[in-house]
Amino acid sequence: MLYFEPLMDQDIIEESRRFDFRWDVFGPFEDLLLLNRRLLQILQDRQLASNYVFRQIGDIFLEVGKDLSLYEYYGENNEISVAELKQEIKRNPKLGAFQDWVRQTYKVQELKDYLTNVIKRLSDYKLNLESVLKQTPENHPDVFLIPKALEVIGDVGQRMNSAAKKTQIKRKMTYLRNRIAPNPMVDLLRLDDSHRDLIYETRMTVRRNQDHNITLFLFDHYLVMAKTNQDLVAEEDEPQENAMKATGYPFQIYKEPLPLDLITVAKSSGLPGGDSIIRQASLMIGNHHQAGPATNPAKLAFTVTIPDMQHSTGPIAYNFIAMNEAARDQWVKKITDQKRARIASFPLIVSDLLEPTALPGGSLVVAATAGGVGHMPNSSPYSSGNGAHSSSPGGVGGLLVTGAVEDLNRVVSAAIVADRLLLATPRGILLGSKNSASMQTSFLSNALSLSDITQIDVMADLDLLIVLADRVLYAFALAAVLSGPQGGQASRPRKIAESVAFFRIGVCDGKRLICVVGPSALRWDIKLVDPIKEKKKSLFSKSKDFEIFKEFVIPTRVTSINFLKSRVVLGCTKGFEMVHLQLVGAAANAPLLDQNDPDLRFVLGRDDLNPIGLFRTVDEDFFLCFQDIGFYVNRNGKRTRANVTIRWRGVPTAFAYLAPYIVAVSPTALEAYHLSSGELVMARLMQSQRCIHVADDAVFVSRMSPEGQVVSRISLKR
């Protein structure tokens with residue numbers, strides 16, 4: 001009370017600010033004081049009642065245990081309270097003079113020490129009770145009561161420490177956000193997010209033509225290099241306006257932040273140059289206090305490598321030199337541990353679907369995936385029969401067969417029938433056993449032999465297997481194909497269309513349609529085929545036929561097909577083009593994007609767009625996926641949620657929406673982003689990956705591994 005009451009009653013703090021200062025610095029001080037007075041009174045009453053000898057104490061701390069949660073506030077806010085006090089002393093000479101007078105007069109600690117002592121009180125209770133427990137006889141009631149009291153105190157302490165850590169991280173993020181020079185790369189870090197964490201940091205020196213300082217930051221999701229002006233680096237509790245000193249920012253992002261999911265880290269066996277097969281970054285980084293000339297720098301180095309997923313120039317390696325081997329090992333461990341932590345928290349998983357199974361002429365490895373997808377023709381785009389869009393990344397696994405993988409054995413497409421996998425290669429279709437689309441099985445059989453297959457899909461309710469082979473679209477009797485090779489070969493296919501680049505099945509205007517796309521001369525022809533058209537063959541039988549419901553042309557290359565309620569949306573080089581099924585002529589076609597929206601200038605007018613995916617989100621707006629960027633628009637084509645713009649790390653050929661995540665499938669990686677923030681939540685490096693099928697709850701991709709070919713299933717964790 002030496003500090004509290006005078007500060008509240010005397011003219012030391014301006015009266016207009018006194019209440020805020022009292023709460024910011026002291027918090028619920030009166031409540032805590034009442035709690036401690038109550039505890040003291042109970043202890044004193046027990047002491048007097050037992051002639052100054054405590055015969056039992058565990059029950060007392062159990063009684064007050066529920067109120068000890070008051071300490072959680074001080075654990076969470078202690079750093080803020082001390083920082084506020086420091087700032088008040090700096091700007092208010094009266095407070096500094098008052099504190100000095102109290103210290104000299106009463107020979108006590110500074111006020112900040114008392115604020116810190118509050119959070120130490122809980123651990124003192126714990127230590128004292130543990131000491132009492134060690135001296136307690138086995139048949140004493142406290143043998144049972146004290147452990148229960150310790151458990152209560154421990155729970156409060158755990159929550160207090162957790163809250164303190166969150167506050168510390170939040171203050172650190174605020175400090176960095178205010179002191180890193182504005183830059184689009186800073187937005188990638190999302191320092192405002194509540195779950196952000198700074199794992200480790202070290203100041204280093206970049207050795208180039210002229211040495212300059214950097215700080216290496218290991219966040220929970222990125223490794224960041226920032227140029228550092230040490231003269232401008234202020235204490236974390238110093239106000240931003242003071243820290244800036246009107247001369248600039250203390251930190252500037254030096255290189256593009258490196259996603260932890262995509263980097264590898266290792267102790268370096270040597271320094272760059274010579275016979276290195278890795279394309280080295282043009283920098284060498286070392287600690288400020290380098291070891292002496294006698295130390296071999298190679299023994300202190302560690303290398304961080306990231307693939308260049310958008311070019312064919314090979315991976316980039318950053319070589320760092322630590323102050324000593326212990327510091328080097330610490331960095332390698334911190335990065336490795338955080339990568340493991342991220343993998344454990346990935347929101348998507350992968351399931352192995354097939355055990356080793358022999359395939360004639362090559363190897364195959366199979367697993368499966370969940371989700372919905374937008375597609376490109378050259379990536380074998382597929383969709384579920386109801387036009388759903390989804391896809392997802394995750395771990396990988398599958399079926400392995402010995403022998404070299406040939407192009408003719410590469411899985412190019414897939415479909416699911418009654419939880420059975422149909423896998424298409426350029427020379428035929430393979431059929432999995434029962435439940436092969438959802439659990440691990442061990443059998444594949446030949447279902448149909450046909451050359452140059454590039455895409456398949458099924459319309460099970462109509463008993464149709466739709467196959468694109470050698471640019472001709474066929475319909476087979478699904479039941480015949482499922483019966484085995486003899487039935488598949490005996491089934492007489494019906495030709496739907498020729499000169500087809502790709503197709504997609506979906507629902508539009510109340511009809512289930514097959515949208516067929518193919519080039520001709522200087523245009524692209526689009527046909528919407530209705531497979532349900534029936535006409536009588538005789539009085540006693542009837543057969544299904546295919547009728548062209550609508551056809552039209554697009555003067556530019558078409559890269560994707562999406563279905564809305566009454567419109568088909570085509571991806572073209574100028575963007576997404578909507579075609580209304582009930583209108584004709586020029587009135588039927590319209591661009592999806594509002595051409596007058598100033599917020600869309602970054603894409604309007606471009607003639608190199610590659611639209612792939614279009615997804616209606618749970619909020620009833622649309623997320624558009626181009627090959628280089630993704631963003632939101634509303635139903636009128638105007639941009640929304642401008643703070644969410646995603647630039648993919650790789651060059652995606654397919655996208656999927658597994659709410660709340662958007663998944664990008666590229667030849668080199670699987671990437672997953674949270675659509676509410678645009679944050680990269682998961683990424684996995686892949687080799688020669690392609691999307692082969694999208695079901696309502698799974699996306700299937702094929703990829704290459706050192707052992708052979710893999711088909712992977714990626715889905716949300718449940």
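Student: I'd like to learn to read this structure. How many residues does helix 11 have, and what span should they give?

Tutor: Good place to start. Helix 11 covers residues 325-345, which makes 21 residues, and at 1.5 Å a residue they should span 30 Å. The C-alpha atoms at its two ends lie 30 Å apart, so the expected span and the model agree. Keep in mind that this is a predicted model.

Student: Which residues of helix 11 are buried?

Tutor: Buried here means under 20% relative accessible area. In helix 11 that applies to Arg 328, Trp 331, Val 332, Ile 335, Gln 338, Lys 339 and Arg 342. Looking down the axis of helix 11, you find these buried residues within an arc of 135 degrees, so they line one face of the helix.

Student: And what does the face turned away from the buried side carry?

Tutor: There you meet the exposed residues Ala 326, Arg 340, Ala 344 and Ser 345. Ala 326 also appears at the start of helix 11, where its backbone nitrogen has a side-chain oxygen of Asn 324 within 3.2 Å.

Student: How far is Ile 335 from Ala 266, in sequence and in space?

Tutor: The two are 69 residues apart in sequence, and their C-alpha atoms are 9.7 Å apart in space. Ala 266 belongs to strand 6, residues 264-267. With a relative accessibility of 39%, Ala 266 counts as partly exposed. Setting aside residues up to four places away in sequence, Ala 266 touches Phe 302 and Thr 303.

Student: Now for a pair of helices. At what angle do helix 2 and helix 5 cross?

Tutor: Helix 2 (residues 15-26) and helix 5 (residues 70-91) cross at roughly 135 degrees, with their axes coming within 7 Å. The two helices are therefore oblique to each other. On the helix 2 side, the contact is made by Arg 17, Phe 21, Trp 23, Asp 24, Val 25 and Phe 26. Helix 5 brings Tyr 73, Tyr 74, Ser 81, Glu 84, Leu 85, Glu 88 and Arg 91.

Student: Let's pick Glu 88. Is it buried or exposed?

Tutor: Glu 88, in helix 5, has a relative accessible area of 0%, so it is buried. Its side chain makes a polar contact of 2.8 Å with the side chain of Arg 17. Beyond its neighbours within four places in sequence, Glu 88 is in contact with Ile 13, Arg 17, Phe 21 and Leu 95.

Student: And the whole protein: how many helices and strands are there?

Tutor: There are 13 helices and 41 strands. The protein has 718 residues, and 51% of them count as buried.

Key: Residues are numbered from 1 along each chain as its sequence is written. This is a predicted model: local features need pLDDT of at least 70, side-chain atom pairs count only at pLDDT 80 or more; totals for chains, interfaces and linings use all residues. Side-chain values use heavy atoms; hydrogens and water are left out. Helices (H or I, at least four residues) and strands (E, at least two) are DSSP runs, numbered from the N terminus. The expected span of a helix is 1.5 Å times one less than its number of residues. Buried means under 20% relative accessible area, exposed over 50%, partly exposed in between (1.4 Å probe, protein chains only). The arc is that of the directions from the helix axis to the C-beta atoms. A polar contact is a pair of N or O atoms within 3.5 Å; within protein, one must be able to donate a hydrogen and the other to accept it, and residues adjacent in sequence count only if both atoms are side-chain atoms. Axes are lines fitted to C-alpha atoms, for helices over the stretch in contact, and angles run from 0 to 180 degrees between N-to-C directions. Angles under 35 degrees count as roughly parallel, over 145 as roughly antiparallel, 65 to 115 as roughly perpendicular and the rest as oblique. Contact means heavy atoms within 4.5 Å.
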